[in-house]
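Student: Could you take me through one part of this model closely, residue by residue, and keep to what can be read from the atoms? I would like one connected account that also gives the cut-offs behind the terms.

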Amino acid sequence: LADETSALPGVICSGVPGAGGIDAIYAITVHSSVKSKVQSFWSNWHESAGQGNKVCPLLLGSSKKSEGGIRFKRVASGGF
């Protein structure tokens with residue numbers, strides 16, 4: 001599933017987080033418009049792959065800069 005997801009246009013990468021578990025998968029996309037393609041692929045995957053498992057997408061997005069977004073903080077050298 002992760003390999004096929006990574007092959008979708010607009011997907012930067014996908015994988016299975018954790019220590020080899022099979023209960024989650026992630027995909028990082030180049031644009032929010034690609035999320036719907038990934039969602040559709042995951043929702044229909046069990047049927048096309050002949051698997052009994054169903055994938056239920058939980059879509060997340062990055063926070064907007066106005067809402068805090070990603071923050072960088074300079075840390076003084078010499079440890080914590």
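Tutor: Once neighbours within four places in sequence are set aside, Ile-12 is in contact with Ile-28, Thr-29 and Val-30, where contact means heavy atoms within 4.5 Å. The model is a predicted one, in which local features need pLDDT of at least 70 and side-chain atom pairs count only at pLDDT 80 or more, although totals for chains, interfaces and linings use all residues. Residues are numbered from 1 along each chain as its sequence is written, and side-chain values use heavy atoms, with hydrogens and water left out.

Ile-12 is found in strand S1, and the C-alpha atoms of Ile-12 and Ile-28, which are 16 residues apart in sequence, are 5.5 Å apart in space. Ile-12 has a relative accessible area of 56% and is therefore exposed (over 50% is exposed, under 20% is buried and anything in between is partly exposed, with a 1.4 Å probe and protein chains only). Together with Tyr-26, Ile-28 and Val-30, Ile-12 makes a nonpolar surface patch of about 390 Å². Such a patch takes residues with over 30% relative accessible area and no salt bridge, and its nonpolar side chains (Val, Leu, Ile, Met, Phe, Trp, Tyr) are joined within 5 Å, whereas patches of like charges are joined within 9 Å. A salt bridge here is a side-chain nitrogen of Lys or Arg within 4 Å of a carboxyl oxygen of Asp or Glu, and the areas come from the Shrake-Rupley method with a 1.4 Å probe.

Tyr-26, a member of that patch, belongs to strand S2, which covers residues 26-29. Its relative accessible area is 36%, so Tyr-26 counts as partly exposed. Leaving out neighbours within four places in sequence, Tyr-26 touches Cys-13, Ser-14, Gly-15, Val-16, Pro-17 and Trp-42 by the contact criterion. For one of these partners, Val-16, the separation from Tyr-26 is ten residues in sequence and 6.4 Å in space, C-alpha to C-alpha.

Ser-14, another of the partners of Tyr-26, also lies in strand S1, which runs over residues 11-15. Unlike the exposed Ile-12, Ser-14 is buried, because its relative accessible area is 14%. The side chain of Ser-14 makes a polar contact of 2.8 Å with the side chain of Ser-6, and a polar atom of the Ser-14 side chain lies 2.6 Å from the backbone oxygen of Ala-2. A polar contact is a pair of N or O atoms within 3.5 Å; within protein, one must be able to donate a hydrogen and the other to accept it, and residues adjacent in sequence count only if both atoms are side-chain atoms. Beyond four places in sequence, the contacts of Ser-14 are with Ala-2, Thr-5, Ser-6, Tyr-26 and Ala-27.

Thr-5, which is on that list, lies in helix H1, and its relative accessibility of 0% is why Thr-5 counts as buried. Apart from neighbours within four places, Thr-5 is in contact with Val-11, Ser-14, Ile-25, Ala-27, Val-38, Phe-41 and Trp-42. After helix H1 (2-6), Pro-9 lies in the loop leading to S1, and Pro-9 is exposed, with a relative accessible area of 64%. Pro-9 and Val-38 are 29 residues apart along the chain, and their C-alpha atoms are separated by 9.6 Å.

Several partners of Thr-5 recur in the interior: the largest nonpolar core has seven residues, namely Val-11, Val-34, Val-38, Phe-41, Trp-42, Trp-45 and Val-55. Helix H2 (residues 35-48) gives the most to this core, with four residues. A nonpolar core is a set of buried Ala, Val, Leu, Ile, Met, Phe, Trp, Tyr and Cys residues joined through side-chain atoms within 4.5 Å. Within that core, Val-38 has contacts beyond four places in sequence with Thr-5, Leu-8, Val-11, Ala-27 and Thr-29. Gln-39 is also placed in helix H2, but Gln-39 is partly exposed, at 32% relative accessible area.

As for the setting, the protein contains two helices and two strands, in the order α-β-β-α along the sequence; helices (H or I, at least four residues) and strands (E, at least two) are DSSP runs numbered from the N terminus. Of its 80 residues, 15% count as buried, and about 6600 Å² is exposed, with carbon and sulfur atoms supplying 55% of that area.
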